[in-house]
Amino acid sequence: MSDTMTAITVEGGRGPAENLKAVSIPRPVPGPGQILIKVHAAGVNRPDLAQRIGAYPPPPGAPDTLGLEVAGEVLVAAGRWKVGDKVCALLGGGGYAQYAVCDARHALPIPAGLDYVQAAALPETVFTVFANVFEHGSLKSGETLMVHGATSGIGTTAIQMAKAAGAKVIATSRGAGKAAEALKLGADVSVDVTAEDFAEVAKAQGGVDVILDMVGGDYFAKGLDSIRTGGRIVYIATQAGGEVSLPIFRLMMKRALVTGSTLRPRDADEKARLAEAIEAQVWPWIAAGKLTPQIDKTFPLTEAAAAHAYLEGGSHVGKVMLIAD
């Protein structure tokens with residue numbers, strides 16, 4: 001095993017997609033309680049795009065290299081893992097590389113039947129959906145979830161996880177083609193927001209209990225209009241704007257909860273708690289065929305710039321992935 005590896009860095013520290021370059025850097029050395037993973041595949045996520053332009057710096061102690069999720073083989077063991085085990089893992093950074101280290105508690109076994117690419121598509125999306133929809137949003141069987149950005153990596157995962165939990169799903173996306181894809185994934189109702197008002201559709205369906213919102217902006221007022229009494233709006237991103245006007249009296253009348261979270265800055269113990277809960281609740285859904293990672297397109301690791309440009313283009317349905325082999 002070489003002391004160096006190929007990894008992707010941002011030339012100049014920040015910039016457009018074309019600033020992503022393959023370079024040779026020292027291979028990471030795992031510390032106490034960490035495993036070293038030979039990376040076979042890594043997910044490309046919107047937080048990576050934000051970090052690339054300088055808007056989402058890594059937390060203290062995390063690598064500067066992009067990449068929040070990987071799948072591969074354990075080369076240095078720790079915790080419950082042995083050398084040769086196949087794992088997928090949630091990272092604080094460093095996934096766009098041939099090798100990565102992580103807290104052993106933040107790795108999960110690759111579910112039977114999934115390859116490395118599919119497995120690497122799980123951690124960031126599943127952790128995000130589980131924490132925000134099922135914990136912060138308290139979605140329960142028989143309730144209705146509205147998912148904005150339904151054909152994103154997060155959205156395709158949220159649809160399947162909500163259905164596996166026994167919820168009804170209303171999906172929103174831009175364009176008739178994407179709306180059709182959301183129905184294929186199991187959404188009960190799919191709204192093309194370029195042609196329909198999702199709030200009116202939601203009200204015609206009797207309202208919703210939880211909204212997973214990664215859009216923000218003017219979606220907030222419509223979301224508040226869409227939810228039932230006691231409904232919850234959960235924010236994970238603000239692609240259309242981070243400032244909203246809050247009609248407090250209407251919030252009071254609805255007895256509504258507006259919340260949100262980020263995953264990356266959570267401490268190691270909290271991520272370990274989430275990993276344990278996810279393995280117990282979500283991994284059986286994968287085994288039962290109720291959740292399958294949706295892979296839109298793969299790129300070689302050295303073509304990370306093209307992968308970022310493709311994700312920014314917004315035509316994808318599901319995940320964009322890097323192959324590190």
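The legends below describe an overall view and three close-up views of a predicted model.

Residues are numbered from 1 along each chain as its sequence is written, and side-chain values rest on heavy atoms, with hydrogens and water left out. Because the model is predicted, local features need pLDDT of at least 70 and side-chain atom pairs count only at pLDDT 80 or more, whereas totals for chains, interfaces and linings use all residues.

**Figure 1. Overall view of the chain, with 11 helices and 15 strands.** Helices (H or I, at least four residues) and strands (E, at least two) are DSSP runs, numbered from the N terminus. The radius of gyration, taken over C-alpha atoms, is 19 Å, which agrees with the value near 20 Å for a compact globule of 325 residues; the globule rule is 2.2 Å times the number of residues to the power 0.38. The C-alpha atoms fill a box of roughly 60 × 40 × 35 Å along the principal axes. Of the 325 residues, 54% count as buried, where buried means under 20% relative accessible area, exposed over 50%, and partly exposed in between (1.4 Å probe, protein chains only).

**Figure 2. Close-up of alanine 119 in helix α2 (residues 116-120).** Alanine 119 counts as buried because its relative accessibility is 0%. Leaving aside neighbours within four places in sequence, alanine 119 is in contact with Ala71, Cys88 and Ile110, a contact being heavy atoms within 4.5 Å. Proline 58 lies 61 residues from alanine 119 along the chain, and the C-alpha atoms of the two are separated by 23 Å.

**Figure 3. Close-up of helix α3 (residues 123-136), which is largely enclosed by the rest of the structure.** This description follows from the burial of 12 of the 14 residues of the helix. Among the buried residues of α3 are Phe127, Phe130 and Phe134, together with Glu124 and Asn132. Serine 138 follows α3 and has a positive phi, near 55°.

**Figure 4. Close-up of threonine 172 in strand β9 (residues 168-173).** Threonine 172 is buried, with a relative accessible area of 1%. The side chains of threonine 172 and histidine 148 are joined by a polar contact of 2.8 Å; such a contact is a pair of N or O atoms within 3.5 Å, and within protein one must be able to donate a hydrogen and the other to accept it, while residues adjacent in sequence count only if both atoms are side-chain atoms. Not counting residues up to four places away in sequence, threonine 172 also touches residues including Met146, Val191, Phe198 and Tyr219.
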